[in-house]
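Me: Please take a close look at one part of this model. Start with a single pairing, then work outward to whatever surrounds it.

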Amino acid sequence: MSITDVESVLLPEERALLGKEFSVATGLPPRLYLDPDVYEAEKERIFRRQWMPVFHQTSLPDVGDYRVVDMWGESFIFVRAEDGNLRAFHNICRHRGAKLAVDSGNCKRLRCPYHAWTYDLQGHLTGAPAMAHLVRDGQTTLREVTVGTFLGFVFINDDGNAPPLSEKWAGLAEVLAPWVAVSDQLSQTYELHFPGQWNWKLSYENGIEGYHVLGSHLESAGDLIPGHLVYTDITEFEEWTGYYHPFSEGRNIRDTTGGSIDLENLPDWIDNQYRFYQGWPVTIFAVQPEAVLMAFPIPGATPGEVDFVWSSVALKASKDLPNWEAYKAEQMAFANTIQPEDSFPCETMWANLRSPAFKTGPYAKQETCVYQFDQWYLAQMGA
Ligand code: FES
Ligand SMILES: [Fe+2]
């Protein structure tokens with residue numbers, strides 16, 4: 001029996017968590033992080049059904065640029081095709097299933113390293129040694145995956161049935177209007193990867209609350225954005241939510257290097273608080289006057305593997321400024337300071353999830369978005 005045949009993959013006590021009031025709710029039970037069967041269900045019910053982020057579109061600027069991304073034990077190859085569109089395919093050769101590539105680069109054709117079948121950038125078979133009839137047939141193509149973008153960030157929807165991102169995050173696009181308005185002028189400042197040996201939800205839940213600034217980031221960020229001040233005013237959280245970090249008196253996150261250009265029509269709150277918006281199931285947008293940082297976990301091949309990615313974008317024109325490199329260095333230094341501080345809790349929670357002594361506790365008010373995510377997650381898992 002496949003997972004889709006059963007009504008719910010949740011145990012009765014897990015199902016009972018759905019709809020629990022915030023004040024009496026507790027975090028997700030360990031089984032939902034550890035159990036390989038739960039992970040298989042997540043692949044089917046979440047990763048393949050939802051929009052999953054991969055990178056910013058400007059990381060594949062030219063026709064023929066390709067890049068492989070491995071997620072949840074599957075491999076996808078992204079290609080900038082001749083028509084300028086970005087296409088995504090399962091990285092599986094139609095002959096015997098070898099991977100077409102494991103790296104990134106630029107090519108005229110995708111050529112399978114095994115028996116040298118070749119495909120054009122649209123995924124059509126264009127060469128098959130000693131089997132030319134297959135090419136003449138025109139029937140053989142790579143299996144294409146639906147691609148979407150938001151703020152120029154690229155997402156895939158494997159099953160092809162998800163509503164468009166513009167619809168899913170219509171409300172979020174309104175909130176982020178100044179950034180959305182210049183989507184096609186944004187280009188990548190950096191992309192950093194922080195792989196970890198723990199479950200993707202630990203990373204994501206960590207990234208969607210500001211409470212832990214009181215512990216993990218006290219020295220690095222506690223002065224700027226005191227953890228106890230975090231709040232949200234979003235109670236409707238079907239497809240996205242957000243939390244706000246008020247700045248300490250007199251502080252803000254304006255760039256001081258002079259190496260970037262602020263956007264126009266910025267909202268009033270931009271100098272009062274650092275806002276983080278979350279789009280389910282894995283995306284976090286941190287909003288700055290000159291930039292948007294998208295942070296997200298890429299779930300690994302097993303429940304205990306994750307790659308946490310920080311990808312920041314700014315206006316392309318910033319790159320012509322003399323201080324651009326200084327700006328970039330400062331932004332990367334921030335990421336390289338903050339994210340490693342998030343490893344300790346994830347690593348140790350992952351270890352402790354196995355202990356019979358562990359019982360998950362209540363949510364702090366500053367963790368409202370974690371509660372919201374957990375509720376959304378339980379609903380997806382068929383509660
Ligand atoms: S598996 Fe790719 S050509 Fe044979
Ligand atoms: Fe953190």
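Reply: Strand β3 (residues 74-80) pairs with strand β4 (residues 86-90) through 5 bridges, in the antiparallel sense. The model is predicted. Within this pairing, Val79 faces Arg87 of β4.

The two strands belong to an open sheet of 7 strands. Its order is β1-β10-β9-β4-β3-β2-β5, and the pairing is antiparallel. β1 and β5 (104-106) are the edge strands, each paired on one side only. On average, neighbouring strands here are turned by 30 degrees against each other, direction ignored.

Now follow the order toward β1. Strand β9 (residues 144-150) pairs with β10 over 5 bridges, again antiparallel. Thr146 has Asn157 as its bridge partner in β10. The two strands make a hairpin with 2 residues between them. Leu151 sits in that turn, with a positive phi of about 55 degrees. On the other flank, strand β1 (residues 52-56) runs antiparallel to β10 and is joined to it by 4 bridges. Pro53 stands opposite Phe155 of β10.

How enclosed is β10 (residues 153-157)? Buried residues make up 5 of its 5, so the strand is largely enclosed by the rest of the structure. In a regular strand, side chains alternate between the two faces of the sheet. In β10, Phe153, Phe155 and Asn157 point one way. Val154 and Ile156 point the other way. All of them are buried.

Val154 and Ile156 lead back to Phe78. Leaving aside neighbours within four places in sequence, Phe78 contacts both of them. Its other contacts include Val54, Phe55, Leu60, Tyr66 and Val69. Charged residues are on the list too: Asp65, Arg67 and Arg87. Arg87 is also the residue opposite Val79.

Which residues touch the most other members of the largest nonpolar core? They are Phe78, Phe285 and Tyr377, out of 96 residues in that core. Helix α12 (residues 368-380) supplies the largest share, 7 residues. A second core of 19 residues is separate from it. Val79, Phe89, Cys93 and Leu134 are among its members.

Phe285 brings in another sheet. Strand β14 spans 283-287. It is part of an open sheet of 6 strands, ordered β11-β16-β15-β14-β13-β12 with antiparallel pairing. The edges are β11 (186-196) and β12 (240-246), each pairing on one side only. Neighbouring strands in this sheet are turned by 20 degrees on average, direction ignored. Inside it, β15 (residues 291-299) and β16 (residues 306-315) share 9 bridges and run antiparallel. Ala291 stands opposite Ala314 of β16.

Ala314 also has a contact in β11. Thr189 lies in that strand. At 5% relative accessibility, Thr189 counts as buried. Beyond its sequence neighbours within four places, Thr189 is in contact with Ser312, Val313, Ala314, Trp324, Tyr327 and Lys328.

Helix α8 lies across β12, β13 (273-279), β14, β15 and β16. It runs at about 155 degrees to β15. Ile208 is found in the loop between α8 and α9. Ile208 is buried, with a relative accessible area of 0%. Leaving aside neighbours within four places, its contacts are Tyr243, Gln278, Trp280, Ile284, Cys369, Val370 and Phe373. Pro178 is 30 residues from Ile208 along the chain, and their C-alpha atoms are separated by 22 Å.

The loop after α8 also reaches the metal. The iron ion (ligand 2) has His212 (NE2), His217 (NE2) and two OD atoms of Asp342 as protein donors, at 2.1 to 2.4 Å. In sequence the donor residues follow the spacing H-x4-H-x124-D. His212 is in the loop between α8 (200-207) and α9 (218-221), while Asp342 is in the loop between α10 (324-341) and α11 (343-352), so the pair ties together parts 130 residues apart in sequence. Both His212 and Asp342 are buried.

Why is the arrangement around the iron ion irregular? The 4 donor atoms subtend angles of 56 to 141 degrees, which makes it irregular. A tetrahedral label would need all angles between 85 and 135 degrees. Ideal tetrahedral angles at a metal are 109.5 degrees.

Terms used:
Residues are numbered from 1 along each chain as its sequence is written. Chains are lettered from A and ligands numbered from 1 in the order in which they are written. This is a predicted model: local features need pLDDT of at least 70, side-chain atom pairs count only at pLDDT 80 or more; totals for chains, interfaces and linings use all residues. Side-chain values use heavy atoms; hydrogens and water are left out. Donors are N, O and S atoms within 2.8 Å of the metal (3.2 Å for Na, K and Ca); water is not among the atoms, so sites may look incomplete. Four donors count as tetrahedral if all angles lie between 85 and 135 degrees; four count as square planar and six as octahedral if opposite donors are over 155 degrees apart and all others between 65 and 115; anything else is irregular. Buried means under 20% relative accessible area, exposed over 50%, partly exposed in between (1.4 Å probe, protein chains only). A nonpolar core is a set of buried Ala, Val, Leu, Ile, Met, Phe, Trp, Tyr and Cys residues joined through side-chain atoms within 4.5 Å. Contact means heavy atoms within 4.5 Å. Two strands pair if DSSP finds at least two bridges between them. Axes are lines fitted to C-alpha atoms, for helices over the stretch in contact, and angles run from 0 to 180 degrees between N-to-C directions.
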